[in-house]
Amino acid sequence: MTPTLQELDADAGPVAGVDVLAVAPDGAARAAGVRAGEVIVAINGESVLRYPQLTPLRGREGGDRIAFADAEGRTREHAFGDGLIGVSLRTRPARLALAVSRAMARDEAWNGALLDAAWALERRDPGEAARRLEAVRAAGCPDDPVFRGLAFRVAAGLGELDRAGELLATLPERTDHQNQLHLPGPLDRYRFFLASGRTGDLVDLVERRPGFFPFARLPRWPAQAAFLRSGGPASPPGAAAPPAAAEPAGPARVVNPMLHGAAEWPWGADFHTHDDLIVENRPLLISQRPAFYKQAFLTRNEPFGDFDLHASFTVRLTGPPSERWPSSMLINVSDYETTPEPDGPAYFGGETSVLGANFQAFSDGEREVTLLHGWGHYEPIAASFFDGTAEHHLHLSRRGGRRTVVLDGRTLLDLPANPTPRRLVFHLHVVGLEADFRAFEIIEPRPAR
């Protein structure tokens, strides 16, 4: 339910920041007295607004000064050395509504509907936000940057790229991090340029703001820029499927590992973490229009080797696939022990993939499943896979020196495992589909007693 204006005005806490969902029992954060429910508000004196800033929490040379705020708004700072601090995070759910509350004029004729629109956007519901904004406009809301900033977010979320571009051209750059979250920041512009194919604007933005996009300073950035301009990887030829086999038995008990929101990947068009849903083992519901991404990157930093990943889901096309990108749902486990900044060419070249599956529907009507142990195995699947009626079950398993992929009781892949991975990234990617996850479980086998 949307907070009232009075409730938001009474919130003395920071607009920016990320909530601490869980604290590892043996991590540096627990030793420093950090508890679930607190908010990370700054790292090395810089307000926390976006996940790339949380890269230090994965262990950066030299350590970091991290500021935490408790429920009463009291702030304290801790210095952490090299290594993991052991927390799981999510973006504060009320931050956009709180920023709008502090930025807008107090006009009772429209401010409630404006807050409702901001709250709907925070809940990833641009359709509801559009209806609220129409109510705001009808009530006489002035055409100011608050209104146009929210209207840009709505248009972008609905895939109305021409309208979003028109609005973006009228909006100033964000300058105040705490109270101007309604204005599109560099990351919002980056996502829009990528989704709308404005690659020249995208590359110019990245190279103009290397402090915001640190990957622009890496040697591989020129290759990444060329990759983004290319429109994505080419599809390799098909290959025969291995014979069917029995589904491996799972462990008696699910143990979800501690996960951390990963840094923004340079080639991602839209990015959200779902750490809270994964950690609490709650279902995910992701609805996307064609040619618009929604992605989640979840990292497990503590070393471990064997794992099972089980996903139970239905999936439905939300419209015809675009000609540039297939409608697809991807679940992949990659290893970035030796790659501090993931890059598109290495990922799509299969250099880092441990195990995964990608279900694709192309504009010519062809449907395929891709197995991502190296992006090399393709197999046709029935078009009915995407009609939203059947519940599908996917198991990714790395156990006892074998890697297996089992879909709906049929083994599609059974190969020797690579050497033990140490820093895993779980990549969930949805475009042009509505994916309803009834279960999403990352299972770590218990050691023998």
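Select helix H6 (residues 145-157) together with helix H7 (residues 161-168) in this predicted model: the two pack at an angle of about 155°, with their axes 8 Å apart. Because an angle over 145 degrees counts as roughly antiparallel, H6 is roughly antiparallel to H7. Looking along the pair, you will find that H6 passes H7 in a left-handed crossing.

Now show the side chains at this contact. From H6, display Arg148, Ala151, Phe152, Ala155 and Ala156, which meet Arg163, Ala164, Leu167 and Leu168 of H7. Coloured by class, the residues of this contact of H6 with H7 divide into 7 nonpolar and 2 charged, with no polar residue among them.

Keep H7 on display and add helix H8 (residues 186-195). The axes of H7 and H8 come within 11 Å and cross at roughly 140°, an arrangement that makes H7 oblique to H8. The crossing of H7 and H8 is left-handed. To see what makes the contact, select Leu161, Ala164, Gly165 and Leu168 in H7, and then Arg189, Phe192, Phe193 and Ala195 in H8. By class, this contact of H7 with H8 has 6 nonpolar residues, 1 polar residue and 1 charged residue. Ala164 and Leu168 of H7 deserve a second look, since they appear in the contact with H6 and also in the contact with H8.

Next, pick out arginine 153 and aspartate 188, which form a salt bridge whose closest N and O atoms are 3.5 Å apart. The pair links distant parts of the chain, with aspartate 188 in helix H8 and arginine 153 in helix H6, 35 residues apart. Across the model, the count of salt bridges comes to 20.

Leave the helices and move to the sheet. Here 6 strands form an open sheet, and following them across in the order S8-S19-S10-S15-S16-S17 you will find that the pairing is antiparallel. At the edges, select strand S8 (284-287) and strand S17 (410-416), each of which pairs on one side only. Turning the view along the sheet shows the twist, which averages 15° from one strand to the next.

Finally, isolate strand S10 (residues 307-317) and strand S19 (residues 433-443), which run antiparallel and are joined by 10 bridges. For a single position within this pairing, centre the view on leucine 309, which stands opposite isoleucine 442 in S19.

Terms used. Residues numbered from 1 in each chain as written. Predicted model: local features only at pLDDT ≥ 70, side-chain atom pairs only at ≥ 80, totals over all residues. Heavy atoms only, no water. Axes fitted to C-alpha atoms, helices over the stretch in contact; angles between N-to-C directions. Helix = DSSP H or I, 4+ residues; strand = E, 2+ residues; numbered from the N terminus. Parallel < 35°, antiparallel > 145°, perpendicular 65-115°, else oblique. Left-handed = near helix turned anticlockwise from the far one by under 90°. Contact = heavy atoms within 4.5 Å. Nonpolar A, V, L, I, M, F, W, Y, C, P; charged D, E, K, R; others polar. Pairing = 2+ DSSP bridges. Salt bridge = Lys/Arg side-chain N within 4 Å of Asp/Glu carboxyl O.
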